Structure formats: structure tokens, C-alpha cells
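Here are some worked exercises to try with the model open beside you. Attempt each task first, then walk through the solution.

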Amino acid sequence: MACFVVPVAEAVIATAAKKVVEKKEESVAKETAVSTIETKNANKIPFSRKLGWLTKLLWGGSFLLAFEHLWHGEIVPYFPFLTAMSNPEDTAEMLHEMATVGVTMALLVTAVWGVMLVVSSIIEKKVQKTQQDKISD
């Protein structure tokens, strides 16, 4: 009924965190010389971009879920927008679904993002090692 609300809430928080991290990365880049950053982190993906991956996963999945709920008539274009909020029994069921299914989906998407971070870190280390080997040769 409203399981997509939990990933949307996480997406809002992740988007705000991404904006904060982007500003911090920009200020660090301005403070230090560009050449220093290029030599140290030439193959490192900025964390703001990695947070972007999470926000895209969350927003995309939430949009698809919201569309599916709209398609089935569980979301309406007038107040209270969620048909489950029209009576208390359905509201209790909706809150239970949000607490179980919504939280599970948000955690699963975040876990997939975590795996993406691990894989990207492994790739970054391999590329860095390869470049160090080329420099030492």
C-alpha cells in the first residue's frame, strides 16, 4: 500500500547527504592544489558520486513502486492520497506494511549499494596497483 514511502524517505536523506558531501569535496578541491589531488586520487571515485548511485537506486525503485500502486488504485490524486488512510483498519495495515516490507526493501537496496562500493573499491585498488607497477618498471 505505501511500502514505497520508506525508500523515498531514505532517498531524500541520501540526496541531502550527497549535496553536503559534494560541497565538502568542492571546498577541499579549492583548498588544495589540483595537481596534488590528481596524483593522489586519479583513479578514485568521489564519494559524492557513490552516494549518487544510492540515490538513483532509491529514487528509481520508489518511482516504479509508486507507479505500480497508482496503477492498482492504491494512490489517488486527491486527499488523503493513499486509499489505506481512509479508515483506521487499513491505516494500521499500511503502517505494518511500511514497517516490514518498506524497511526490508530500503535495507536491501542499501545492501546492494554496499556491494557496489566493495566492488568499486576492489577495482580502484587493482587500477592503482597496475599504475604503480607501470611507474616502477
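**Exercise 1.** Work out where K18 and E22 lie and how many residues apart they are.

*Solution.* Start with the helix: in this predicted model, K18 and E22 both belong to helix α1, which covers residues 5-31. Next, count along the chain: the two are 4 residues apart, about one turn of the helix. Then look at the side chains, which meet in a salt bridge with an N to O distance of 3.5 Å. That is inside the 4 Å cut-off for a salt bridge. Finally, check exposure: E22 has 24% relative accessibility, so it counts as partly exposed.

**Exercise 2.** How many salt bridges does the structure hold, and which residue pairs with E124?

*Solution.* The total is 2 salt bridges. E124 pairs with K50, and their closest N and O atoms are 3.6 Å apart. Now place the partners: E124 sits in helix α4 (residues 88-136) and K50 in helix α3 (residues 47-71), so the pair, 74 residues apart, links distant parts of the chain. As for accessibility, E124 and K50 are both buried.

**Exercise 3.** Is H69 buried or exposed, and what does its side chain touch in a polar contact?

*Solution.* First, locate H69 in helix α3. Its relative accessible area is 5%; because buried means under 20%, H69 is buried. Its side chain makes a polar contact with the side chain of E74 at 2.3 Å. Setting aside neighbours within four places in sequence, the residues in contact with H69 include M1, F4, I75 and E97.

**Exercise 4.** Describe how α1 and α3 pack: at what angle do their axes cross, and is the crossing left-handed or right-handed?

*Solution.* Two packed helices are described by the angle and the distance between their axes. For α1 and α3, the axes come within 9 Å and cross at roughly 160°. Angles over 145 degrees count as roughly antiparallel, so α1 and α3 are roughly antiparallel to each other. The crossing of these two helices is left-handed. Among the residues making the contact are K18 and E22 of α1, along with L51 and W59 of α3.

**Exercise 5.** Repeat this for α3 and α4: within what distance do their axes come, and which residues make the contact?

*Solution.* The axes of α3 and α4 come within 10 Å and cross at roughly 145°. This crossing is right-handed. The contact includes K50 and H69 of α3, and E97 and E124 of α4. You have met K50 and E124 already, as salt-bridge partners.

How values were computed
Residues are numbered from 1 along each chain as its sequence is written. This is a predicted model: local features need pLDDT of at least 70, side-chain atom pairs count only at pLDDT 80 or more; totals for chains, interfaces and linings use all residues. Side-chain values use heavy atoms; hydrogens and water are left out. Buried means under 20% relative accessible area, exposed over 50%, partly exposed in between (1.4 Å probe, protein chains only). A polar contact is a pair of N or O atoms within 3.5 Å; within protein, one must be able to donate a hydrogen and the other to accept it, and residues adjacent in sequence count only if both atoms are side-chain atoms. Contact means heavy atoms within 4.5 Å. Axes are lines fitted to C-alpha atoms, for helices over the stretch in contact, and angles run from 0 to 180 degrees between N-to-C directions. Angles under 35 degrees count as roughly parallel, over 145 as roughly antiparallel, 65 to 115 as roughly perpendicular and the rest as oblique. A crossing is left-handed if the near helix is turned anticlockwise from the far one by less than a right angle, and right-handed if clockwise.
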